[in-house]
Amino acid sequence: MDDVSTVTLKDDYLRVRGQSLEICSTLAPEDTVVQSMPDVSPSKWHLAHVTWFFERMVLEEFSPGYRRYNDDFDFLFNSYYYSVGQMHARPRRGLLSRPTLAEVIAYRSHVDAAMQSLLETVDEQPVLERVILGLNHEQQHQELMLTDIKHVFSCNPLQPAVRSDLRIPRAAHVPAYSFIEGVRGIHEVGAAGLGFAFDNETPRHETLLHEHRIGQRLVTNAEFREFVKDGGYADSTLWLSDGWAVINERGWNRPLYWSEDLQSEFTLGGQRDIDAHAPVTHVSYYEADAFARWAGARLPSEFEWELAASERPPEGNLMESRYWQPVAGGDSTQFFGDVWEWTSSAYAPYPGFVPLAGSLGEYNGKFMCNQMTVRGGSCVTAADHIRASYRSFFYPDARWQFLGMRLAKDGAT
Ligand SMILES: [Fe+2]
């Protein structure tokens, strides 16, 4: 990582911490307590957990004399760091009516004051790098705050909007689906050492790509609707065995949040007509894979995606665009933003991968089993939080995140 200055970091700290509160600014205290399924965490829990991360991983390690705000919070707001201690069960986070939201906000202020004091006096790189990790961690949780509260509100028969001040996209055309020739041969992938990267993006290494083509844009709602109308969910030949079992057990026959008539969908701005040309979202890996098979194509591998994306600036419909919903891209290639793109790659360690030392070794490495890699960020990913080498990961049946797809094909055009 490059050297970082404390001046910039103090500004970044205030900006990122303030953004978390801004995301929750339209919520009532009651909204911030609900947990609608085990994958969803209450907004109040997110606000507290990211604060615990700074307290436990930065202040307690690097700020002599720091006094914990409340010893009980170490159990309540630890997520999955067993090397730090035991934690409250994830599916039971919605039972925490106490501490109240006001107490959590006070906890944030206590930690913010201590962090600002630390940043006034410290300039050692290991400390600053830990703070940067904490900020990137909080940005990951900002995305989860939005996708989680979307799920919570979708379960309310009143179908309330999380926000009424979001931008409404103008209708845009998209070109017919076509493919770009992919990079072939032996190439380097992974974080290049310029700026922050998570440990799971390293080490940079060589990989072999075979002749292939990659889609020039994301798959749209209109295209996915054709798959549904064509009986895609009823044709076992299109599905992976696990996927066929999941859609039948759970009765899935369309993307999460689509209405039964396939005409409207629940968004962070409330119920809206489906934009035919916007990227399809809230589909599982199984649905993305089945769609690709139906379309006579396949999903790209994560390295096919990365080499195509790394030729382009990391710009697109991201959190700052304020749509907080995928939008029709016109002639954009849509590699960044809108939806995280399912790849055909299992989430696995790169050759020579070494997790971070100590408790932070639990951040990424222990999840490298049974999940799939997704790339590119979404419409609720912060613009300074995405890059071509960024790897996120989800279980193949997950669909409450903004998850979608582009296609790929073997061979030349
Ligand atoms: Fe976390």
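**Exercise 1. State how many helices and strands the protein has, and judge its compactness from the radius of gyration.**

Solution. The protein has nine helices and 13 strands. Its radius of gyration is 21 Å, close to the 22 Å that the globule rule gives for 413 residues, so the protein is as compact as a globular protein of that length. The model is a predicted one. Its C-alpha trace spans about 65 × 55 × 40 Å along the principal axes. Of the 413 residues, 55% are buried. Among contacts between residues at least 6 apart in sequence, 80% join residues at least 24 apart.

**Exercise 2. Identify the donors of the iron ion and work out which parts of the chain His49 and His137 tie together.**

Solution. Start with the donors: His49, His137 and His141 each coordinate the iron ion through NE2, at 2.2 Å. Next, read their spacing along the chain, which is H-x87-H-x3-H. Then place the pair: His49 is in helix H2 (residues 43-62) and His137 in helix H5 (residues 125-154), so the two tie together parts that are 88 residues apart in sequence. Last, check burial, for which the cut-off is under 20% relative accessible area. His49 has 1% and is buried; His137, at 3%, is also buried.

**Exercise 3. Describe the surroundings of His212: is this residue buried or exposed, and what does its side chain reach?**

Solution. His212 lies in strand S4 (residues 212-215). Its relative accessible area is 1%, so His212 is buried. The His212 side chain reaches the backbone oxygen of His210 at 2.9 Å. Leaving aside residues up to four places away in sequence, His212 touches several others, among them Glu181, Arg298, Glu304, Lys409 and Asp410.

Technical notes
Residues are numbered from 1 along each chain as its sequence is written. This is a predicted model: local features need pLDDT of at least 70, side-chain atom pairs count only at pLDDT 80 or more; totals for chains, interfaces and linings use all residues. Side-chain values use heavy atoms; hydrogens and water are left out. Donors are N, O and S atoms within 2.8 Å of the metal (3.2 Å for Na, K and Ca); water is not among the atoms, so sites may look incomplete. Helices (H or I, at least four residues) and strands (E, at least two) are DSSP runs, numbered from the N terminus. Buried means under 20% relative accessible area, exposed over 50%, partly exposed in between (1.4 Å probe, protein chains only). A polar contact is a pair of N or O atoms within 3.5 Å; within protein, one must be able to donate a hydrogen and the other to accept it, and residues adjacent in sequence count only if both atoms are side-chain atoms. Contact means heavy atoms within 4.5 Å. The radius of gyration is taken over C-alpha atoms; the globule rule is 2.2 Å times the number of residues to the power 0.38.
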